[in-house]
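I opened this notebook to keep track of what I looked up, one entry at a time. Where does a given residue sit, what does it touch, and how do such details add up to a whole?

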Amino acid sequence: MEELLKTIVTDLVEDKTAVEVSVDEPNDEGVIVYHLHVAQDDMGRVIGKQGRIAKAIRVVMRAAASKLGQKIMVEID
């Protein structure tokens, strides 16, 4: 899952070396939180107009996680 998120985001940003993904342990409800860190200049590219790209990334990640029987959440920091 971490690799999928990195693959999606690296194609969107200019500074590919600044892409970092950290993963939290599952919380009480079993939700795994993925924290995405990108360069400040690339933040707009990842979020998109009115958050459309960020929503699309979250939808793809949730769909992949459901195939694995996981519950996830993606936060863009």
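**Entry 1: Leu 12.** I began with Leu 12 and found it in the loop between helix 1 and strand 1 (20-23). I kept in mind from the start that this is a predicted model. Is Leu 12 buried or exposed? Neither word fits, because its relative accessible area is 29%, and a residue counts as buried only under 20% and as exposed only over 50%; Leu 12 is therefore partly exposed.

I then looked up which residues Leu 12 touches, leaving out those up to four places away in sequence, and noted Arg 45, Ile 53 and Ile 57. One of these partners, Ile 53, lies 41 residues from Leu 12 along the chain, yet their C-alpha atoms are separated by 9.6 Å.

**Entry 2: helix 3.** Next I turned to helix 3, which covers residues 52-67. I checked its length: at 1.5 Å a residue its 16 residues should span 22 Å, and the end C-alpha atoms are 23 Å apart, which agrees.

Which residues of helix 3 are buried? I listed Ala 54, Ile 57, Met 61 and Ala 65. Looking down the axis of helix 3, I saw that these buried residues fall within an arc of 65°, so they line one face of the helix. The spacing made sense to me once I recalled that an α-helix has 3.6 residues a turn, so residues three or four places apart point the same way.

On the face of helix 3 turned away from the buried side I noted the exposed residues Arg 52, Lys 55 and Lys 67. I also asked what covers the buried residues of helix 3, and the cover includes helix 1 (2-10), helix 2 (43-47) and strand 3 (71-76). Just after helix 3, I wrote down that Gly 69 takes a positive phi of about 75°.

**Entry 3: Ala 54 and Val 46.** I went back to Ala 54, which has its place in helix 3, and found that it counts as buried because its relative accessibility is 4%. Leaving aside neighbours within four places in sequence, Ala 54 is in contact with Val 46, Ile 47 and Ile 76.

Following that contact to Val 46, with the residues up to four places away in sequence again left out, I found that Val 46 touches Val 9, Val 13, Leu 36, Val 38, Ile 53, Ala 54, Ile 57 and Ile 76.

**Entry 4: the core.** Which members of the largest nonpolar core touch the most other members? Of its 18 residues, they are Leu 5, Val 9, Leu 36, Val 38, Val 46 and Ile 72. Helix 1, strand 2 (31-37), helix 2, helix 3 and strand 3 each supply at least two residues of this core, and the largest share, 4 residues, comes from helix 3.

**Entry 5: the whole protein.** Last, I stepped back and counted 3 helices and 3 strands, which follow the pattern α-β-β-α-α-β along the sequence. The radius of gyration is 12 Å, close to the 11 Å that the globule rule gives for 77 residues, so I noted the protein as being as compact as a globular protein of that length.

I also recorded that 31% of the 77 residues count as buried, and that, among contacts between residues at least 6 apart in sequence, 54% join residues at least 24 apart.

Methods:
Residues numbered from 1 in each chain as written. Predicted model: local features only at pLDDT ≥ 70, side-chain atom pairs only at ≥ 80, totals over all residues. Heavy atoms only, no water. Expected span 1.5 Å × (residues − 1). Buried < 20%, exposed > 50% of the residue type's maximum accessible area, 1.4 Å probe, protein only. Arc of directions from axis to C-beta. Contact = heavy atoms within 4.5 Å. Core = buried A, V, L, I, M, F, W, Y, C linked by side-chain atoms within 4.5 Å. Rg over C-alpha atoms; globule rule 2.2 N^0.38 Å.
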